[in-house]
Amino acid sequence: IFYWPTYFQTLQAFIATLLIADYLARSPKHLNTILNAYLTVSVALSALAIYNFIANVGGAANFTASTRTEGFEGQGVEHFAFGLIPALYTAFHRLWRPEYRHLRWLNLSIILMFVTSIILSGTRGAWLATLGGLLLVYLPKFTFRQFLAFVLTLSLGAGIALQIPAVTDFARYRAQDAISSGGSGRVGIWLVSWQVYLQHPMLG
């Protein structure tokens with residue numbers, strides 16, 4: 001069933017992407033300006049989402065689907081989480097660039113904030129997309145020294161997250177829910193789609 005409000009933000013994002021791409025094709029020197037603005041807005045939304053989670057959570061035993069957090073009401077947890085991924089990759093990319101060396105700790109702090117927000121959104125697709133992008137795009141290009149730094153950064157982030165019981169408990173809750181529900185039925189849908197594909201490749 002087509003429900004217009006559900007797709008409105010997706011349409012907005014698509015149009016915004018086309019407009020930004022067109023603008024940057026004509027004025028590529030303004031790329032950093034746009035990225036800086038995107039980072040700034042994302043940091044503000046991320047901080048607001050973390051605050052909302054802390055204000056709304058009632059303890060590990062009370063976690064429900066409504067515990068999932070977003071920047072502002074009505075934004076949608078999935079749109080919020082996936083919207084943070086480009087900002088996270090921007091900060092992650094700058095973390096390794098020599099021209100941003102003086103901002104290394106700032107970028108690291110921003111990355112940890114984004115990762116925490118994406119976890120608290122409970123959007124498992126965004127979890128996989130973030131991890132997949134890092135492993136498939138960045139990891140193969142790392143030198144051995146960068147790989148060690150990446151492992152240390154990942155370990156540091158995990159260590160900090162584990163010090164926040166609510167974050168750890170919520171991530172565990174969402175992971176267990178994915179196992180018990182088959183990703184809210186998505187695994188079952190994928191299996192049916194695969195069977196259809198085997199019988200009718202074009203339709204599948």
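The following dialogue examines how the helices of one predicted model are packed and how its terms are justified.

Biologist: What makes up the protein chain in terms of helices and strands?

Modeller: The protein chain has eight helices and zero strands. Its pattern along the sequence is therefore written with helix symbols throughout, α-α-α-α-α-α-α-α.

Biologist: How many residues does the protein chain have, and what share of them counts as buried?

Modeller: The protein chain has 204 residues, of which 29% count as buried. The term requires a relative accessible area under 20%.

Biologist: What share of the contacts with a separation of 6 or more joins residues 24 or more positions apart?

Modeller: Such pairs account for 70% of those contacts in the protein chain.

Biologist: Let us turn to pairs of helices. Why is α3 called roughly parallel to α5?

Modeller: The axes of α3 (residues 77–96) and α5 (residues 124–138) cross at roughly 30° and come within 10 Å. Angles under 35 degrees count as roughly parallel, so α3 is roughly parallel to α5. Their crossing is right-handed.

Biologist: Which residues bring α3 and α5 together?

Modeller: From α3 come Ala 81, Phe 82, Ile 85, Leu 88, Tyr 89, Phe 92 and His 93. They meet Gly 125, Ala 126, Ala 129, Thr 130, Gly 133, Leu 134 and Tyr 138 in α5. By class, this contact has 10 nonpolar, four polar and no charged residues.

Biologist: Why is α4 described as roughly antiparallel to α3?

Modeller: Helix α4 (residues 104–121) packs on α3 at an angle of about 160°, with the axes 9 Å apart. Angles over 145 degrees count as roughly antiparallel, and α3 is therefore roughly antiparallel to α4. The crossing of this pair is left-handed.

Biologist: Which residues form the contact of α3 with α4?

Modeller: On the α3 side, they include Phe 80, Leu 84, Leu 88, Phe 92 and Leu 95. On the α4 side, Leu 108, Ile 111, Phe 114 and Ile 118 are among them. The residues of this contact divide into 16 nonpolar, three polar and two charged.

Biologist: What makes α2 oblique to α3?

Modeller: Helices α2 and α3 pack at an angle of about 125°, with their axes 9 Å apart. Roughly perpendicular covers 65 to 115 degrees and roughly antiparallel begins over 145. The angle of about 125° falls between these ranges, so α2 is oblique to α3. This crossing is left-handed.

Biologist: Which residues take part in the contact of α2 with α3?

Modeller: Among them are Leu 35, Tyr 38, Leu 39 and Leu 45 of α2, and Gly 83, Pro 86, Ala 87 and Arg 94 of α3. The contact has 10 nonpolar residues, six polar and one charged.

Biologist: How do you know that Tyr 38 is partly exposed?

Modeller: Tyr 38, which lies in helix α2, has a relative accessible area of 36%. Buried means under 20% and exposed over 50%, so Tyr 38, at 36%, is partly exposed.

Biologist: What does Tyr 38 touch beyond residues up to four places away in sequence?

Modeller: Tyr 38 touches Gly 83, Pro 86 and Ala 87. Tyr 38 and Gly 83 are 45 residues apart in sequence, yet 9.8 Å apart in space, C-alpha to C-alpha.

Biologist: Why is Asn 52 called partly exposed?

Modeller: Asn 52 is also found in helix α2. Its relative accessible area is 22%. Since buried requires a value under 20%, Asn 52 is classed as partly exposed. Not counting residues up to four places away in sequence, Asn 52 touches Thr 69, Glu 70 and Gly 71.

Biologist: Where is the largest nonpolar core centred in terms of contacts?

Modeller: The largest nonpolar core has 24 residues, and Phe 92 and Phe 114 have the most contacts inside it. The elements giving two or more residues to this core are α2 (31–56), α3, α4 and α5. Helix α3 gives the most, with 11 residues.

Biologist: Which residues does Phe 92 contact, leaving aside neighbours within four places in sequence?

Modeller: Phe 92 is in contact with Ile 111, Leu 134, Tyr 138, Phe 142 and Phe 150. Another core, of six residues, lies apart from the largest one, and includes Ile 50, Phe 53, Ile 119 and Phe 170.

Methods
Residues are numbered from 1 along each chain as its sequence is written. This is a predicted model: local features need pLDDT of at least 70, side-chain atom pairs count only at pLDDT 80 or more; totals for chains, interfaces and linings use all residues. Side-chain values use heavy atoms; hydrogens and water are left out. Axes are lines fitted to C-alpha atoms, for helices over the stretch in contact, and angles run from 0 to 180 degrees between N-to-C directions. Helices (H or I, at least four residues) and strands (E, at least two) are DSSP runs, numbered from the N terminus. A crossing is left-handed if the near helix is turned anticlockwise from the far one by less than a right angle, and right-handed if clockwise. Contact means heavy atoms within 4.5 Å. Ala, Val, Leu, Ile, Met, Phe, Trp, Tyr, Cys and Pro count as nonpolar, Asp, Glu, Lys and Arg as charged, and the others, Gly among them, as polar. A nonpolar core is a set of buried Ala, Val, Leu, Ile, Met, Phe, Trp, Tyr and Cys residues joined through side-chain atoms within 4.5 Å. Buried means under 20% relative accessible area, exposed over 50%, partly exposed in between (1.4 Å probe, protein chains only).
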